[in-house]
Structures are given as C-alpha cells and as structure tokens.
Amino acid sequence: MRRSKKRASAEQTEMMLRSGKVLYLALADGNIPYVVPMSYGYRDGVIYMHCANEGRKLDMLKKNPEAAFSIVPSCELIKKDTSCGWTFNFESVSGSGNVEFVSDAEEKRAALNVLMEHYGKFDNSYPDEMMDVTCVLKLTVKECSGKISPAPSVL
C-alpha cells in the first residue's frame with residue numbers, strides 16, 4: 001500500500017469484513033476480467049456467497065478458482081470549493097483467495113447460516129427444493145488488507 005498511514009490494523013480489517021454489505025468478486029477467464037457484486041457472509045477467514053447453480057461466474061470459477069474481492073463498508077463524498085479538493089472518507093478491504101464449491105448438504109446449510117447471520121437473521125431454515133437450486137461458494141482468504149481514509153490518526 002503506497003500510503004501506509006492509511007493501512008487498517010488487523011482488527012479494523014476484520015471488523016470491516018464483518019460489517020460490509022456487498023462484496024465485489026473479481027474473476028478471470030484467461031485475459032478477460034469479470035467483476036460481480038454479491039451478498040456474502042464472513043467468518044474465521046472464510047467468505048461464503050450464494051447464487052444460482054449456473055451462470056458465467058460459475059463457468060469461470062470451474063476453469064480458474066483464484067479470485068479477488070473488494071468490500072467498501074463505508075463511503076462518504078467530501079465536496080470542496082475546488083475540483084481537486086473533492087475526496088472520499090472511506091473504509092475498504094481488498095484481498096484474494098481460492099473459491100470452492102460447497103456440495104455437502106450440512107456444510108451448505110452452515111455456510112448459508114453464516115451468510116444470513118451476517119445480515120442479522122439468526123433463526124434460519126432452508127427448504128430442500130431451495131437447497132437444490134442454490135450454489136454455495138466458499139472463498140478461503142489467502143491475503144487481504146484494509147484501508148481507512150482519512151488515516152486513522154486523523155479521525
């Protein structure tokens with residue numbers, strides 16, 4: 001990170017992973033990039049996502065399970081008198097890891113619980129017919145870093 005004073009601590013980064021609402025998942029098919037916003041759940045170094053059982057992102061992941069992600073838990077535009085003075089106050093996390101397809105029914109339910117609990121629903125049930133048409137993805141985070149602007153010492 002070029003401006004290291006904006007680097008978030010490990011604790012701050014963990015909090016941002018737990019508090020974000022949308023994850024942007026970046027995939028590659030050869031030299032063709034693809035980014036898709038997704039709902040997610042995070043726990044213990046693992047990000048869970050869900051989607052339909054078919055589609056472009058799944059086709060890409062079958063070829064290349066390496067993925068990158070970005071989460072922006074907070075963002076506020078700061079307007080100034082001069083154009084060059086405009087900026088953002090924000091928190092962000094970026095990272096990468098390997099994505100696996102979760103196929104075991106109990107692991108799938110547990111992963112969906114993590115996702116639902118991330119958004120505040122703790123009493124969950126999943127009908128078998130919905131489980132059959134839902135794909136669960138498990139991204140094991142290999143590396144990630146958080147950034148806070150303005151730098152934490154300025155806040």
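Me: What covers the buried residues of α1?

Reply: In this predicted model, the cover of the buried residues of α1 includes β3 (41–43), β5, β6, α3 (105–118) and β7. The buried residues themselves are Thr13, Met16 and Leu17.

Me: Why are Thr13, Met16 and Leu17 said to be on the same side of α1?

Reply: The three residues cover an arc of only 100° around the axis, which puts them on the same side of α1. A general rule agrees with this: an α-helix has 3.6 residues a turn, so residues three or four places apart point the same way.

Me: Which residues of α2 are buried, and what do they pack against?

Reply: Helix α2 spans residues 56–63, and its buried residues are Lys57, Leu58, Met60 and Leu61. These four cover an arc of only 160° around the axis, and therefore lie on the same side of α2. They pack against β1, β2 (32–38), β4 (46–52), β6 (87–102) and β7 (134–149).

Me: What makes Lys62 and Lys63 exposed residues, and where on α2 are they?

Reply: A residue is called exposed when its relative accessible area is over 50%. Lys62 and Lys63 are exposed, and they are carried by the face of α2 turned away from its buried side.

Me: Why is Val22 called partly exposed?

Reply: The relative accessible area of Val22 is 34%. Buried requires under 20% and exposed over 50%, so a value in between is called partly exposed. Val22 therefore belongs to the partly exposed class. Its place is the loop between α1 (10–19) and β1 (23–29).

Me: What makes Val22 eligible for a nonpolar surface patch?

Reply: A patch residue must have over 30% relative accessible area, and Val is among the nonpolar side chains that may be joined. With 34%, Val22 is over that cut-off. Val22, Tyr24 and Val35 together make a nonpolar surface patch of about 250 Å².

Me: Why is Lys147 called partly exposed as well?

Reply: Lys147, in strand β7, has a relative accessible area of 27%. This value lies between the cut-offs of 20% and 50%, and so Lys147 is partly exposed.

Me: Which residues have the most contacts inside the largest nonpolar core?

Reply: This core has 27 residues, and those with the most contacts inside it are Leu23, Leu25, Ile47, Met49, Phe69, Leu137 and Leu139. Its largest share, five residues, comes from β7.

Me: With which residues is Ile47 in contact, leaving aside its neighbours within four places in sequence?

Reply: The contacts of Ile47, with those neighbours left aside, include Leu23, Phe69, Leu137 and Leu139.

Technical notes:
Residues numbered from 1 in each chain as written. Predicted model: local features only at pLDDT ≥ 70, side-chain atom pairs only at ≥ 80, totals over all residues. Heavy atoms only, no water. Patch = residues over 30% accessible without salt bridge, like charges linked within 9 Å, V, L, I, M, F, W, Y side chains within 5 Å. Areas by Shrake-Rupley, 256 points an atom, 1.4 Å probe, with all protein chains shown as cover. Salt bridge = Lys/Arg side-chain N within 4 Å of Asp/Glu carboxyl O. Helix = DSSP H or I, 4+ residues; strand = E, 2+ residues; numbered from the N terminus. Buried < 20%, exposed > 50% of the residue type's maximum accessible area, 1.4 Å probe, protein only. Arc of directions from axis to C-beta. Contact = heavy atoms within 4.5 Å. Core = buried A, V, L, I, M, F, W, Y, C linked by side-chain atoms within 4.5 Å.
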